[in-house]
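Please open the model in your viewer with the chains coloured separately, and keep a selection tool to hand. The tour below moves from one selection to the next and says what is to be found at each stop.

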Amino acid sequence: MRDYFTFVLKRLLQLAAVVFAGISAAFFITHLSPISPVDMIVNRVAAQSGGDPLAIQDLRDALAALFGTDLPLHEKFLNFWGRFLVGDLGPSLLAFPTPAIDLVMRALPWTVGLLVTSILLSWTIGNILGGLGGYYQNNRFLKAFGVLAMGVQPIPYYIVAFLLVLLFGYFWPVMPISGGFSINVRPGFTFEFIASVIHHSILPAASLVIVGLGISFLGMRAMVSNIVTEDYVTYAELAGVRTERVVFFYVIRNAMVPQLTGLAMALGGIFSGTIITEQVFAYPGLGSLLVNAVNAGDTTLVLAVSSIAVIAVAGAIFVIDLIHPLLDPRVKVK
Amino acid sequence: MFAIIRDLTRYNIEFAIGCVLVGIITLFALASFFAPVGPTMIYVVPPDMPPSLSYWFGTNSRGQDLFWQLSYAFRNTLTFGVMVAAISRIISITVGLLAGYLGGWVDRVLMFFNDIFVSLPIFPILILVYFVLRSNLDMFTLALIMGCLGWPFDARLIRSVSLGLRHREFTRHATFSGMTPRKIMFEEHLPYVMPIVLATAIANMIWSIGMEVTLAVLGFTNLNIPTVGTTLYWANNHSAMIVGVWWWILIPVILIVTLFIGLFLLTVSLNEYIDPRSRLRRMGGA
Amino acid sequence: MRTWKTLMASAALAAMVGSAALAQNAAVDLPPITEFPREQTLIVHNPDNPAANPDFFNIWVAGAGQVQAGGLHQLMMDTLWYIDPNEGLDGSLYSSLAEDQWEYNDDFTEMTVRLREGLYWSDGVEFTADDVVYTVETLKSNPAFGAAAGLNRNVESVEAIDDYTVVFHLNEPNSRFHSTFTVRWNATWIMPRHIFEQSEDPTANAFNPPVGLGPYTLHSYDPNGAWYVWEKREDWERTSLAQYGEPGPQYIIYRSIPNVDNRLIEMVNGNLDMIHDLTPEAMFSLVDQDENARGWFPGFPYAHPDPTLPSIIFNNQNELFEDRRVRWALALMLDARQISMASYRGAATLSPIAIPPTGTHLADYHQPLQDWLIDYELDTGSSVINPYDPDIGLQVAEMVRPQFGDAVPTDETEIRQAFGYGWWAQNLEAAGELLEDAGFTRQGNDWYTPDGERFGFTLKTAETGVINRFGTMAAQQWSQAGVAVTAEVDPVIFGTTLNLGDFEAITSWTIESWGGDPDLSFFLDSWHSEFIVEPGERQPARNFQRFEHPELDRIIDELRVTEFGTQENLELGYDFVRLMVDEMPIIPMMSYNVFAAYSEQYWTGFPDAVERPYANPVTNWANSRYIFTQLEPAQ
């Protein structure tokens with residue numbers, strides 16, 4: 001047990017280092033962007049009203065001072081970490097003076113809700129079917145499913161999503177094709193609101209599940225078809241262990257470990273958002289926020305989203321590493 | 001070598017189908033070298049013509065013959081996908097096997113970098129890279145960047161398999177019989193890892209091409225280069241789906257599905273070939 | 001069956017996670033669930049992305065988010081005057097909060113405004129001169145307000161003579177100062193003094209709920225910023241818009257719909273009454289499949305020409321384009337008909353002169369200058385030609401007639417209004433003579449500069465379909481004529497490439513005009529040579545071609561002391577047009593045609609080009625508020 005604690009402690013230090021390195025990398029890449037938030041705003045103001053060029057220059061100077069965009073890079077870097085450590089990510093420049101973190105927190109529940117559900121669903125179903133498909137290699141239904149998964153998987157996600165919109169929003173208009181909920185309901189813990197959220201999430205969730213299912217199915221099937229040839233499976237079969245037991249406890253369980261790593265990473269990865277889903281279904285979330293921020297040169301907001309993504313993925317890996325020795329007894333803690 | 005292929009085609013119908021499918025797409029992509037028009041010319045043929053004898057794949061709303069346009073697109077996309085897969089395979093196999101087998105500080109250092117790479121938000125980075133390079137972002141640069149970002153998942157997967165292998169009997173036997181770590185890694189462990197490498201190579205191609213499409217659909221790649229992604233971008237830019245120019249979308253999708261089914265069948269059959277036990281099982285079962 | 005269950009289950013789970021998180025945010029008091037009867041509700045498309053900070057309504061802060069065009073400036077804001085980009089309900093110049101037009105003193109250092117009486121803010125407080133004075137003083141003293149810099153440059157002081165009279169004392173003579181408070185798309189809006197007075201830092205006041213002078217108030221909005229619902233004020237009669245009648249819709253909903261195809265679907269499904277813009281292809285498809293859908297023109301080309309001019313902008317500081325003969329040669333190498341077909345599918349309104357062919361400009365400029373254009377002579381060095389072809393618009397109409405049939409107008413005036421009057425005829429021979437005269441040489445079909453280098457450059461172009469195809473086509477035509485031009489997509493034209501002068505030639509819109517008034521100061525004042533920067537430095541809007549000419553400076557100097565709306569003003573406009581034709585510093589191409597659509601399924605009375613061109617149907621213009629007074633339920 002003491003070994004395990006030292007292990008955890010070491011991993012914790014590593015986690016901190018990874019987060020620091022990851023966020024710093026994101027910081028420098030973000031600041032490479034040639035788009036200046038000041039000029040984007042100045043341009044917006046100038047494009048919409050007759051502009052006196054000297055006044056425009058004054059506005060530029062005023063905003064640059066306000067945003068601190070004229071500081072040298074290393075000063076910005078120190079400022080950034082100084083504020084980051086006390087939990088302040090700074091004001092968004094795209095929606096000045098709203099704090100960037102507020103914008104992220106507003107979008108987050110939608111992204112997390114939609115993605116966690118669809119990832120868990122497609123991962124679970126895909127793995128069970130994939131495990132069976134790898135074991136019962138001659139089952140017709142599973143074979144057909146394999147062919148289908150193989151055919152659907154390479155279709156660009158954008159096309160899958162838009163086809164759903166066309167089918168259920170246009171040719172047979174039964175599903176809403178935009179927004180998180182209807183205009184005539186108010187957010188709250190009411191039946192109407194929840195029903196509306198469910199109704200609006202069906203198409204986006206379906207598109208994600210359709211795409212995700214194939215990936216985990218094919219991955220699992222490949223793993224299992226290797227494991228079934230292992231000696232211990234053959235022994236078990238010969239020894240007359242019940243088939244279900246062989247499938248679930250001898251085969252799938254052992255194939256599970258790498259798949260679990262994949263799941264953790266997929267879950268960690270959701271913080272970058274699903275920009276295409278959000279674009280096609282006009283669904284609220286982090287992805288559109290990120291693209292808007294990049295387009296507007298809003299470095300604070302890009303960094304806020306990226307930082308959360310870095311922390312989430314690093315955290316997911318951390319957790320997986322902690323439970324890995326518990327799941328697979330062959331992996332020894334050092 | 002020839003004997004292997006002969007065996008494969010004889011006992012394994014999947015291999016034969018895979019070869020044909022991938023072959024068709026490759027030939028189609030190579031046809032672009034003989035294209036009568038450049039890929040950037042517009043309004044050289046009547047726009048919006050459905051597939052017909054004179055225009056096999058129809059023409060798009062920009063007045064381009066889709067046959068040649070897609071031929072260029074597939075040439076670029078295929079090259080791109082293969083480059084990304086190759087670059088990221090080299091990195092992930094090396095890192096995965098080293099970390100898994102050697103363990104200790106090597107493992108910790110490698111996994112430290114691995115964790116940094118895994119936790120980097122790829123999508124924002126690619127968008128930012130695009131904004132820095134814009135029209136200078138050619139296929140090779142994008143492939144290099146994506147190759148350098150696309151290995152850590154698979155390196156971890158390979159490491160976890162190799163971790164398991166390290167504690168297996170045969171590794172101990174090999175160690176006791178005096179095999180060098182390099183030999184053990186690349187001769188004993190690599191075959192076990194190979195199915196994953198091949199499967200992940202295909203998955204990696206799907207990922208990189210999908211990422212290229214995603215970036216392109218949003219307009220975040222060099223739109224001057226014809227690829228599957230930019231083809232879809234321009235189709236979308238001209239509302240092809242809703243207007244009824246379905247061939248502008250459907251044909252590239254059919255082609256890309258064909259390509260991946262072909263690739264997939266190839267990996268499945270190669271996997272079986274590499275792992276003799278499943279080959280025996282199939283031949284016994286057949 | 002499995003898939004279906006999967007879907008249901010996934011949706012349920014998604015909903016639970018989502019709503020649980022949301023419920024915490026939703027602790028604020030929200031109005032009860034409300035239905036919006038469809039026949040009393042107008043649903044309008046807002047082209048902006050969902051607002052990043054939907055709770056922030058302080059429209060005066062520079063870059064304050066994206067609520068602005070989601071109904072806020074169309075329905076709640078108000079200011080002194082509006083100039084309609086089209087003909088207007090009663091002339092294109094509206095006095096809104098002002099009782100009548102601006103009055104300047106003789107040397108244009110003072111502007112006096114008389115305000116309308118009996119107007120009330122939406123919270124019941126009366127609007128007075130104090131609000132105007134407060135607005136100017138507050139904006140001046142906080143640099144984070146977008147209008148601060150402009151007002152500080154211009155205004156020395158402002159005072160209220162009485163409750164309904166305001167006098168502005170200006171720093172320098174300026175005959176165009178009123179344009180600060182005159183809406184073209186937007187303008188400087190008047191602030192409610194009694195609201196902002198309460199906050200210490202007026203830039204931090206979220207202005208939620210907003211209090212306005214327009215006939216609608218905020219009813220509710222999406223916490224994700226995708227839609228805003230506005231409700232008609234009970235006391236709508238106490239607003240400046242009331243003189244044009246009662247606004248029809250009880251509710252107006254503005255929705256962001258980023259995906260173009262979804263806009264079409266929503267309109268066909270009856271969930272959208274006005275669309276800001278579509279692609280040309282989607283527009284043709286929409287009118288084809290929805291009998292209630294209309295565009296600005298009743299037939300082809302449907303689109304509304306916005307008062308700005310997509311052009312090829314040369315970087316006049318680049319020595320390649322120093323010589324006017326070179327610029328003219330490049331113009332004569334283009335075939336406008338092919339560009340119109342390639343870019344807009346023929347639905348372009350061509351313009352040979354540097355004035356957008358829209359609104360009242362056609363009658364003010366294009367028509368009167370026809371004879372001058374027809375007679376215009378160009379000396380190529382070896383011959384003298386008449387470069388203008390007055391019938392190019394008619395030719396384009398004939399080119400699209402086979403495809404669109406009856407939708408294409410047959411009346412010559414209507415054709416000229418929709419397709420443009422004429423353009424420069426493609427004349428490769430004359431172009432060659434001009435280039436040779438400028439010292440260029442030809443080898444085979446390829447042109448070489450006087451330095452002996454291959455004549456070629458990169459033409460940057462936007463991503464949007466129409467402008468992109470325009471640029472690609474132009475590059476292609478130049479290449480065929482022996483100039484090696486490549487078109488290149490540039491995603492950051494506005495705000496970056498244009499300002500930095502980081503281009504040789506670029507396709508972009510430029511020359512924003514009032515549309516409903518011949519005065520050109522809106523864009524032209526910034527073209528004065530005093531504002532031009534050195535190469536590599538950042539050029540402030542809008543002289544992005546960095547063109548300077550003594551005659552141009554003379555025109556601008558005179559314009560600054562000429563009264564708005566006078567004949568002298570128009571004459572100066574003609575001088576400008578002639579100078580631009582002589583010098584060709586940019587190649588004007590066509591108006592910026594926006595494929596705005598509206599549906600007559602639930603509402604009628606929308607403006608159109610032929611019967612009632614009283615307003616711009618493009619939904620994000622603040623000027624579009626006049627449309628709502630003309631709407632009536634369809635049944």
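Begin by selecting chain C, which is divided into domain 1 (38-270 + 610-633) and domain 2 (305-593), and bear in mind throughout that this is a predicted model. With the two domains in separate colours, their C-alpha centres are found to lie 33 Å apart. The contact between them takes 15 residues from domain 1 of chain C and 17 residues from domain 2 of chain C. On the side of domain 1 of chain C that touches domain 2 of chain C, the residues by class are 6 nonpolar, 5 polar and 4 charged.

Now show chain C as a whole in cartoon form, where the secondary structure comes to 20 helices and 28 strands. The radius of gyration of chain C is 26 Å, close to the 26 Å that the globule rule gives for 635 residues, so chain C is as compact as a globular protein of that length. Taken along the principal axes, the C-alpha atoms of chain C fill a box of roughly 80 × 75 × 45 Å. Of the 635 residues of chain C, 61% count as buried, and among the contacts in chain C with a separation of 6 or more, 70% are accounted for by residues 24 or more positions apart.

Staying in chain C, select helix 14 (residues 428-437), whose buried residues are C:A430, C:A431, C:G432, C:E433, C:L434 and C:L435. What covers these buried residues includes helix 8 (324-332) together with strand 17 (384-385), strand 20 (441-443) and strand 21 (446-448) of chain C. If the selection is extended just past helix 14 of chain C, it reaches C:G439, which takes a positive phi of about 95 degrees.

Next, bring chain A into view beside chain C. The contact between them takes 69 residues from chain C and 75 residues from chain A. On the chain C side, two or more residues each come from helix 1 (2-25), helix 4 (148-154), strand 10 (227-232), helix 6 (260-268), helix 16 (493-500) and helix 17 (521-524) of chain C. Helix 1 of chain C provides the largest share of that side, 15 residues. The residues of the side of chain C that touches chain A divide into 43 nonpolar, 23 polar and 3 charged.

Which residues touch the most other members of the largest nonpolar core? Of the 401 residues in this core, they are A:V104, A:Y158, A:V305, C:I252 and C:A597. Helix 8 of chain A gives the most to the core, with 20 residues. Domain 1 and domain 2 of chain C both give residues to this core, so the core lies between them. From the list above, centre the view on A:Y158, which, not counting residues up to four places away in sequence, touches A:I276 and A:V280 as well as B:V213, B:V217 and B:L232.

Within chain A, move to A:R221, which is found in helix 8 of chain A. Is A:R221 buried or exposed? With 27 C-beta neighbours inside 10 Å, A:R221 counts as buried. Leaving aside neighbours within four places in sequence, A:R221 is in contact with A:G130, A:G133, A:G134 and A:G146. For a sense of scale, draw a distance from A:R221 to A:F181: the two are 40 residues apart in sequence and 38 Å apart in space, C-alpha to C-alpha.

The next selection is the contact between chain A and chain B, which takes 49 residues from chain A and 43 residues from chain B. Among the elements that each supply at least two residues of the chain A side are helix 6 (140-152), helix 7 (157-171), helix 8 (191-227) and helix 10 (243-269) of chain A. The largest share of this side, 9 residues, comes from helix 1 of chain A, and by class the side has 35 nonpolar, 12 polar and 2 charged residues.

Finish by isolating chain B, which has 13 helices and 0 strands. Along its principal axes the C-alpha trace of chain B spans about 75 × 50 × 30 Å, and buried residues make up 53% of its 286 residues. Colouring chain B by pLDDT is a useful last step, since the mean for the chain is 84 and 94% of its residues reach 70 or more. Among the elements of chain B, helix 3 (residues 66-102) has the highest mean pLDDT (92), whereas helix 13 (residues 276-285) has the lowest (56).

Notes: Residues numbered from 1 in each chain as written. Chains lettered and ligands numbered in written order. Predicted model: local features only at pLDDT ≥ 70, side-chain atom pairs only at ≥ 80, totals over all residues. Contact = placed C-beta atoms within 7 Å. Helix = DSSP H or I, 4+ residues; strand = E, 2+ residues; numbered from the N terminus. Nonpolar A, V, L, I, M, F, W, Y, C, P; charged D, E, K, R; others polar. Rg over C-alpha atoms; globule rule 2.2 N^0.38 Å. Buried ≥ 20, exposed ≤ 12 C-beta atoms within 10 Å, placed from the backbone. pLDDT = per-residue confidence, 0-100. Core = buried A, V, L, I, M, F, W, Y, C linked by C-beta atoms within 7 Å. Domains from an automatic or database assignment.
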